[in-house]
Amino acid sequence: MFAADRRSVTGQGTRFNTPEPLSHWADAQLGPLLSTHFGLPVWAENGVNTGAIGEQMLGVGHHVDNFAYLSFNHGFGGGIIMDWKLAHGAFGNAGELSGMFAPDEMPNRPALRSLLETLQGKGVSVRTIADLAEHFDPAWPGVAE
């Protein structure tokens, strides 16, 4: 059974620890809100946990009981699957790795959005993360930063 099969949420427990640009969503109970709107049970999860579940269902994770899925987006996060179950942690932030950076390190943490902005600032012609992935060159100015 997949982790996604085990968590159909219509009640409490669907708040997320959000990155700063999405802080206004931090206290929203998305499960009940969307369940009421659509009149159906709703399963709600953050992006990196959803990525881990997708990897478990359709990727390499389908063949292992335990793994970590890393995401380098606005922050640096991870989804953890243990014994075929998504680990949420005591405070709902299992796998959240950005907290390991000190405040003065945050501007230089690994994050694709920051890399994209740095490359654009150095004159590299990349418009989107998909464009970045397709044409990436480690020799571009700004990558080492």
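**Exercises on a predicted protein chain**

Of the 145 residues in the protein chain, 32% count as buried. The model is a predicted one.

**Exercise 1.** State how many helices and strands the protein chain has, and give their order.

Solution. Count the elements: the protein chain holds 4 helices and 3 strands. Then read from the N terminus: the order is α-α-β-β-β-α-α.

**Exercise 2.** Classify the pairing of Phe-136 with Trp-140, then the burial of each residue.

Solution. Start with the count, which is 1 aromatic pair. Phe-136 and Trp-140 form it, with 5.6 Å centre to centre. The cut-off for a pair is centres within 6.5 Å. Next, take the angle: the planes stand 75° apart. Over 60 degrees counts as edge-to-face, so the pair of Phe-136 and Trp-140 is edge-to-face.

Now burial. Buried means under 20% relative accessible area. Trp-140 has 17% relative accessibility, so Trp-140 is buried. Phe-136 has 38% relative accessibility, so Phe-136 is partly exposed.

**Exercise 3.** Describe the surroundings of Tyr-69.

Solution. Locate the residue: Tyr-69 sits in strand E1, residues 67–72. Check its exposure: a relative accessible area of 28% makes Tyr-69 partly exposed. List its contacts, leaving out residues up to four places away in sequence: Val-48, Gly-51, Ala-52, Glu-55, Gly-77, Gly-78 and Gly-79. Take one of these, Gly-51. Gly-51 and Tyr-69 are 18 residues apart in sequence, and their C-alpha atoms are 7.3 Å apart.

**Exercise 4.** Give the area that the protein chain exposes and the share from carbon and sulfur atoms.

Solution. The exposed area is about 9,300 Å². Carbon and sulfur atoms supply 58% of that area.

Key. Residues numbered from 1 in each chain as written. Predicted model: local features only at pLDDT ≥ 70, side-chain atom pairs only at ≥ 80, totals over all residues. Heavy atoms only, no water. Helix = DSSP H or I, 4+ residues; strand = E, 2+ residues; numbered from the N terminus. Buried < 20%, exposed > 50% of the residue type's maximum accessible area, 1.4 Å probe, protein only. Areas by Shrake-Rupley, 256 points an atom, 1.4 Å probe, with all protein chains shown as cover. Phe/Tyr/Trp six-rings, centres within 6.5 Å; stacked < 30°, edge-to-face > 60°. Contact = heavy atoms within 4.5 Å.
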